[in-house]
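Trainee: I should like to learn how to read a structural model feature by feature. May we work through one together?

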Amino acid sequence: YVTEKDLSYDDLSRVFHKTRTECNLKRNRSGKRLPRLLTEAQLQAFFSTCRETEDPKWEVFFRLLLSTALRIAEITAVMIRDGDLPKNRIFIEYGKGDRDRYVPFPKDLVLPLRQLMRHNKLYLFESPRGGAYAPRSINKKMAKIATAAGIIDEEGKTWVSPHLFRHQTITFLLDSGMDPMQVKKISGHESITSLEVYEHLALDIPHKIYQEIMAGTPQLAGG
């Protein structure tokens, strides 16, 4: 029927919405699916493949993405002026919810980030055309690297994405004992209840432990 009537996605959405309304059906929103995180071996495979097959800037990009839990729209919008190398932090302007914040990054990224700043003109990571990278292109790049690294499911598809790296880092920080309030500041979540999906207990450890945690983690510190 769908093929015969040549229904579009919008047409089907309207049909389903009308059906739910007339039959008084409600969507089941009770369950929350946890992200399928990568193992340490898979992370190492991803970065190893990235180093072997891509321009060096992409290793820097994905290391920064993984170690900061930035959203894809945030990291692609970071400008050179937003980088505060002496204090190992990046200024995120107009993050989700129109909220500004500073996000720390591991000390060993200072040198490669400085090199990028010298090479680029406006954005921290610039496309060959000189502008910011489109989020879609980053998703494709990650999928390409992950697939080449063998990080695929039973159907041969990868689930690696920029947002997975965000989940990966937030979970790691909480699991390492960082104060959820500090993780909230780094991640840019609106409230601490947003972190409940990660289902981790956290100890009351000050924010300054961030560098110590990152320095001792090979996959986040580029080791």
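**Reading a predicted model**

Mentor: Let us begin with a single residue. Apart from neighbours up to four places away in sequence, Ala-77 is in contact with Asp-82 and Tyr-123. Please keep in mind throughout that this is a predicted model.

Trainee: Where is Ala-77 found?

Mentor: Ala-77 belongs to the loop between α5 and β1. Its relative accessible area is 42%, so Ala-77 is classed as partly exposed; the partly exposed class lies between the cut-offs of 20% and 50%. One may also ask which distant parts of the chain are brought together. The C-alpha atoms of Ala-77 and Phe-125 are separated by 8.5 Å, although their positions lie 48 residues apart along the chain.

Trainee: How many helices and strands does the chain have?

Mentor: There are 11 helices and three strands. Read from the N terminus, the order of elements is α-α-α-α-α-β-β-β-α-α-α-α-α-α. Two totals complete the overview. Of the 223 residues, 41% count as buried. Of the contacts between residues at least 6 apart in sequence, 62% join residues at least 24 apart.

Trainee: How should I read the packing of two helices? At what angle do α3 and α4 cross?

Mentor: One takes the angle and the axis separation first, and then the residues that make the contact. The axes of α3 and α4 cross at roughly 155° and come within 9 Å. Helix α3 is therefore roughly antiparallel to α4, as angles over 145 degrees are given that description. On the α3 side the contact is made by Leu-43, Phe-46, Phe-47, Cys-50 and Arg-51, and on the α4 side by Trp-58, Glu-59, Phe-62, Arg-63 and Leu-66. By class, the residues of this contact are seven nonpolar, no polar and three charged.

Trainee: What is the angle between α3 and α7?

Mentor: Helix α3 (residues 40-53) packs against helix α7 (residues 135-148) at about 105°, with the axes 8 Å apart. The two helices are therefore roughly perpendicular, a term applied from 65 to 115 degrees. Phe-46, Thr-49 and Cys-50 of α3 meet Met-142, Ile-145, Ala-146 and Ala-148 of α7. Here the division is six nonpolar, one polar and no charged. Phe-46 and Cys-50 appear in the contact with α4 and also in the contact with α7.

Trainee: Helix α7 also holds Ala-143. Is Ala-143 buried or partly exposed?

Mentor: Ala-143 has a relative accessible area of 25%, so it is partly exposed. Its C-alpha atom is separated by 7.7 Å from that of Trp-159, a residue 16 places away along the chain.

Trainee: Trp-159 has an aromatic ring. What lies over the face of Trp-159?

Mentor: Arg-36 lies there, at 3.8 Å from the ring centre. A second case involves Arg-89, whose charged end sits over the ring of Tyr-102, 3.8 Å from the centre of that ring.

Trainee: How many aromatic pairs does the structure hold?

Mentor: It holds 11 aromatic pairs. Pairs can also be read as groups: Phe-46, Phe-47, Trp-58, Phe-61, Phe-62, Phe-125, Tyr-133 and Phe-165 form one aromatic cluster. Some members have been met already, including Phe-46, Phe-47, Trp-58 and Phe-62 in the contact of α3 with α4, and Phe-125 opposite Ala-77 in the C-alpha distance above.

Trainee: Finally, how should I read backbone angles? What is phi of Ala-69?

Mentor: One looks for a positive phi in a residue other than glycine, and then for its surroundings. Phi of Ala-69 is near 60°, which is such a value. Ala-69 lies in the loop between α4 (56-68) and α5 (72-75), and it is buried, since its relative accessible area is 1%.

Asn-88 also has a positive phi, near 55°. This residue is placed in the loop between β1 (83-84) and β2 (89-92).

Trainee: Why does Asn-88 count as buried, and which residues does Asn-88 touch?

Mentor: Its relative accessibility is 11%, and Asn-88 therefore counts as buried, the class being under 20%. Leaving out residues up to four places away in sequence, Asn-88 touches Val-103, Pro-104, Phe-105, Lys-107, Val-110 and Gln-211.

Definitions and conventions
Residues numbered from 1 in each chain as written. Predicted model: local features only at pLDDT ≥ 70, side-chain atom pairs only at ≥ 80, totals over all residues. Heavy atoms only, no water. Axes fitted to C-alpha atoms, helices over the stretch in contact; angles between N-to-C directions. Helix = DSSP H or I, 4+ residues; strand = E, 2+ residues; numbered from the N terminus. Parallel < 35°, antiparallel > 145°, perpendicular 65-115°, else oblique. Contact = heavy atoms within 4.5 Å. Nonpolar A, V, L, I, M, F, W, Y, C, P; charged D, E, K, R; others polar. Buried < 20%, exposed > 50% of the residue type's maximum accessible area, 1.4 Å probe, protein only. Phe/Tyr/Trp six-rings, centres within 6.5 Å; stacked < 30°, edge-to-face > 60°. Lys NZ or Arg CZ within 6 Å of the ring centre and 35° of its normal.
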